[in-house]
Amino acid sequence: MAIVETRGLEKRFGDVTAVDGINITSGEGEFLVLLGPSGCGKTTLLRMIAGLEKPTAGDILIGGRVVTQLPPRARGIAMVFQSYALYPHMSIFKNIAFPLKAHGATKEEMNRKVLWAASMFCIQHLLNRKPRALSGGERQRVALARALVREPNVFLLDEPLSNLDAKLRTSAREELYRFQKEIAITTIYVTHDQVEAMGMGDRIAVMNGGKVHQLGSPVEVYTEPTDTFVAGFLGSPPMNLVEFQDRIVGFRPECFLPREMYQGREDLVSIRFLVNRIEELGSDRLVYGNLEERFNCSHVIASLPTSFTHYSVQIGATYDFAVPAGDVKFFDKQTGFRTNPLPI
């Protein structure tokens, strides 16, 4: 295990700044997720940590050692790419053994480590096959096993589940999380999928425009977003953001409910809500509409659990909705940063 640290890390491609002065320190054995939209700089940051891109400025430390100028093989890292990068003409055994052979391991050592890594991912029965005979989930396991045999100090994973279908991604996500906790190797994981980030990360670095907007636990970044970008990026649907006086007010759709659902609570912000559209999604009902005039008739979404069968809403009708005061967040209208609350 090793701690990964970046100090003022920058990467510019001509006039374009892909990574803009990032300072991040992982925990030892931590599962750290870099989350953000396409083009936010997360993959470039990961590639610099791996040694595949040279920083324009700043330093990278792994295990307290500056590795900024070291080649990938000298950094004690293993990387798994989105494409898995398996050799199609080699058997699964030879694919997993490839990094060991490149480092001059003996035949006995290769056999022992390949079987050990394959057993970690339950792919012992696939060792004689070629990659083309494997499913997407099996190929992902092979790529992880190949990375594991090197016994790295750090795992770097660049969207390794993005090529899998939805059902397989769910099971693969569970397996990957369990595996990381078993071996306790510091892992940095790149994704644009917030479900993956929230489900697997010990901490999440939410990125945009080459910067880290917020670094914290999944609960922290979801419930206490530091700015309007984080508030609007996390969540499906995302946080409602509406104008109020000279600020922006934010509240999660699942907290915006008919007032009568908050029976007995007094810490509520009451808001009149005109319903325009309803989506039935099985476990949830998304209700779209507009708020009263003091919020500039802003368009928002409420997420109602369908288990509340006794309560129904109709398109075109206006209702008394409410949000617990503690779930209402305030942001500066100009900068987007969190501010102190106002009475509503």
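These legends accompany several close-up views of one predicted model.

**View 1. The whole chain, before we zoom in.** Let us start with the full picture: the chain has eight helices and 18 strands. Its C-alpha trace spans about 75 × 45 × 35 Å along the principal axes. Of the 344 residues, 49% count as buried. The chain exposes about 16,100 Å², and carbon and sulfur atoms supply 50% of that area. Among contacts between residues at least 6 apart in sequence, 63% join residues at least 24 apart. As you look around, keep the charges in mind too: the mean positions of the 39 positive and 38 negative charges are 10 Å apart.

**View 2. Helix H4 and its packing partners.** Here you can follow helix H4, which covers residues 136–148. A rise of 1.5 Å a residue predicts a span of 18 Å for its 13 residues, and the end C-alpha atoms are 19 Å apart, so the two values agree. Which residues of H4 are buried? They are Gly137, Gln140, Val142, Ala143, Leu144, Ala145, Arg146, Ala147 and Leu148. These buried residues pack against strands E6 (77–80) and E7 (154–158), and against helices H2 (92–102), H3 (107–120) and H5 (166–183).

**View 3. Pro99 in helix H2.** This proline has its place in helix H2. Pro99 has a relative accessible area of 11%, and it counts as buried because that value is under 20%. Beyond its neighbours within four places in sequence, Pro99 is in contact with Arg146, Val149 and Arg150. You met Arg146 in the previous view, as one of the buried residues of H4. For a sense of distance, find Gln180: it lies 81 residues from Pro99 along the chain, and the two C-alpha atoms are separated by 20 Å.

**View 4. Salt bridges between charged side chains.** Side chains of opposite charge can pair when their charged atoms come close. How many salt bridges does the count come to? The count is 18. In one of them, Glu10 meets Arg12, with N and O 2.6 Å apart. Both partners are partly exposed: Glu10 at 21% relative accessibility and Arg12 at 38%. Another salt bridge joins Arg47 to Glu53, where the closest N and O atoms are 3.6 Å apart; Arg47 is partly exposed, at 26%. Next, look for Glu280 and Arg285, whose closest N and O atoms are 2.9 Å apart in their salt bridge. Glu280 is exposed, with a relative accessible area of 53%, whereas Arg285 is buried, at 13%. Salt bridges that share partners also join Lys11, Arg47 and Glu53 into one network.

**View 5. Backbone angles worth a second look.** Most residues other than glycine have a negative phi, and most peptide bonds are trans. Where in the chain is Glu159 found? Its place is the loop between E7 and H5, and its phi is positive, near 45°. Gln245 also has a positive phi, about 55°, although it is not a glycine. The place of Gln245 is the loop between E11 and strand E12 (247–251). Are these two residues buried or exposed? Glu159 counts as buried, at 12% relative accessibility, while Gln245 counts as exposed, at 58%. Finally, the peptide bond from Ser236 to Pro237 is cis, with omega near 5°. You can find Pro237 in the loop between helix H8 (228–233) and strand E11 (240–244).

Notes. Residues numbered from 1 in each chain as written. Predicted model: local features only at pLDDT ≥ 70, side-chain atom pairs only at ≥ 80, totals over all residues. Heavy atoms only, no water. Helix = DSSP H or I, 4+ residues; strand = E, 2+ residues; numbered from the N terminus. Expected span 1.5 Å × (residues − 1). Buried < 20%, exposed > 50% of the residue type's maximum accessible area, 1.4 Å probe, protein only. Contact = heavy atoms within 4.5 Å. Salt bridge = Lys/Arg side-chain N within 4 Å of Asp/Glu carboxyl O. Areas by Shrake-Rupley, 256 points an atom, 1.4 Å probe, with all protein chains shown as cover. Lys, Arg positive; Asp, Glu negative; His and termini not counted. Charge placed at Lys NZ, Arg CZ, Asp CG, Glu CD.
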